[in-house]
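Here is a short tour of one model, written for someone who likes to look at side chains. Have the viewer open and follow along.

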Amino acid sequence: MFKNLMVYRVGPDWSATLAEMEDGLDGARFTPCGASQEKSVGWVEPRGEAHGPLVESVGRQLILKLKIETKTVPGSVVTRKAKERAAQIEESTGRKPGKKAIRELKDDIKLELMPMAFAKEASVFVWIDPDARLLVIDAGSQAKADDVVTMLVKCLEGLAVTLLQTQQTPTAAMSEWLIAQEAPAGFSVDRECELKAADESKAVVRYTRHPLDTEEVKQYVQSGKLPTRLALTWNSRVSFVLTEGLQLKKLAFLDVVFEGASTDKDDGFDADAAIATGELSKLLPDLIDALGGEMPLA
């Protein structure tokens with residue numbers, strides 16, 4: 001259910017019933033892009049059943065799903081057609097179109113071609129833990145997370161969220177772990193890392209499927225190369241890559257997590273949601289503690 005995580009803190013003043021959330025989201029259900037529309041964003045049923053609820057509650061954990069559809073006309077096509085039309089205009093009028101006219105030509109051509117453009121779809125799962133007051137978004141980019149936050153704030157009255165911040169930055173903590181060659185309690189360092197020079201060279205060293213408890217890695221960090229990504233495993237249950245921006249990428253639940261789990265296909269969504277939120281609701285506090293605790297809100 002989750003592959004990437006971006007974690008937000010929900011403001012203290014927000015609360016809503018399931019019915020209130022459903023009403024708020026219902027006004028922004030997903031509809032496909034129109035003929036000349038570049039982007040459409042809206043809520044869909046997390047369970048995948050048509051006309052079902054837009055908010056699913058599994059063990060008091062709330063699951064939502066945002067759908068994003070985009071249509072793009074290749075810039076090279078627009079440029080080529082604009083040049084062709086500009087040449088036709090120059091030939092028929094004897095006047096070469098200026099920069100403003102070329103921009104207007106490109107806008108017109110893009111609008112004409114948009115109905116023929118292929119649509120690209122993406123879906124983003126959203127998890128709200130009302131007791132812990134956490135919002136977790138399965139987004140691999142800040143732009144996609146911003147789409148989700150914008151829609152949530154628009155649809156859920158009174159909702160305010162801020163990116164979770166820790167006392168110690170991930171970069172500083174990862175540097176300490178690599179130099180000490182020791183992970184924080186409950187975690188182990190895996191075999192993937194990215195180190196980036198802080199100077200103008202911006203030199204990058206990447207390790208993949210390579211042991212990181214070596215003098216070479218230690219010396220790189222001590223000489224000023226800062227870790228921007230580090231693969232970790234939590235309690236031999238969940239593996240992920242921690243980034244400098246406190247994102248969790250390449251999230252994977254290990255086999256031990258599924259031992260004894262239901263194999264009933266009819267119960268697939270509930271089981272996936274319960275397992276994912278159950279594990280992550282324990283992992284996230286441990287990770288926050290490993291980073292010195294949460295930074296208090298101003």
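Helix α7, which spans residues 268-290, gives three residues to the lining of the largest cavity, and no element gives more. This is a predicted model, and in it there is one cavity of 30 Å³ or more. The space in the largest cavity comes to about 50 Å³. Around the largest cavity you will find Val7, Leu164, Leu246, Leu248, Leu284, Leu287 and Ile288. By class, that lining has seven nonpolar residues, with no polar and no charged ones.

Helix α7 is also a good place to begin with the charged side chains. Glu279 makes a salt bridge with Arg237, and their closest N and O atoms are 2.7 Å apart. Because Glu279 sits in helix α7 and Arg237 in the loop between β10 (225-234) and β11, this pair ties together parts that are 42 residues apart in sequence. Are the two partners buried or partly exposed? Glu279 has a relative accessible area of 9% and is therefore buried, while Arg237, at 24% relative accessibility, counts as partly exposed. Elsewhere, salt bridges with shared partners join Asp26, Arg29 and Glu45 into one network.

In total, the salt bridge count comes to 14. Three of the pairs are set out here.

| Salt bridge | Closest N to O distance |
|---|---|
| Glu38 and Lys110 | 3.4 Å |
| Glu84 and Arg80 | 3.5 Å |
| Glu279 and Arg237 | 2.7 Å |

Take the pair in the top row, the salt bridge between the side chains of Glu38 and Lys110. Glu38 belongs to the loop between α1 (18-26) and β2 (39-43) and Lys110 to helix α3 (residues 99-113), so the contact ties together parts that are 72 residues apart in sequence. Glu38 counts as partly exposed at 41% relative accessibility, and Lys110 is partly exposed too, with a relative accessible area of 31%.

The salt bridge of Glu84 with Arg80 lies within one helix, α2 (residues 75-93), where the partners are four residues apart and so separated by about one helical turn. Glu84 has 39% relative accessibility and counts as partly exposed. Arg80, at 43%, counts as partly exposed as well.

Now for the rings. How many aromatic pairs are there? The count comes to three. Phe2 and Phe125 form an edge-to-face pair, 6.5 Å from centre to centre and with 65 degrees between the planes. This pair links distant parts of the chain, since Phe2 lies in the segment before β1 (6-10) and Phe125 in strand β5 (residues 119-129), 123 residues apart. Phe2 counts as buried because its relative accessibility is 1%, and Phe125 is buried at 16%.

Phe187 and Phe240 also pair edge-to-face, at 6.4 Å centre to centre and 85 degrees between the planes. They join strand β8 (residues 187-197), which holds Phe187, to strand β11, which holds Phe240, across 53 residues. Both Phe187 and Phe240 are buried. Ring pairs also link Phe2, Phe125 and Trp127 into a cluster.

One last stop is Thr243, in strand β11 (residues 238-243). Which residues does Thr243 touch, leaving out those up to four places away in sequence? They are Pro170, Met174, Thr228, Arg229 and Lys249. The relative accessibility of Thr243 is 6%, so Thr243 counts as buried.

Note on methods
Residues numbered from 1 in each chain as written. Predicted model: local features only at pLDDT ≥ 70, side-chain atom pairs only at ≥ 80, totals over all residues. Heavy atoms only, no water. Helix = DSSP H or I, 4+ residues; strand = E, 2+ residues; numbered from the N terminus. Buried < 20%, exposed > 50% of the residue type's maximum accessible area, 1.4 Å probe, protein only. Contact = heavy atoms within 4.5 Å. 1 Å grid on protein atoms, 1.4 Å probe; cavity = no way out; pocket = protein on both sides within 12 Å on 5 of 7 lines; lining within 4 Å. Points joined across faces, edges and corners; volume = space filled by probe spheres on them. Nonpolar A, V, L, I, M, F, W, Y, C, P; charged D, E, K, R; others polar. Salt bridge = Lys/Arg side-chain N within 4 Å of Asp/Glu carboxyl O. Phe/Tyr/Trp six-rings, centres within 6.5 Å; stacked < 30°, edge-to-face > 60°.
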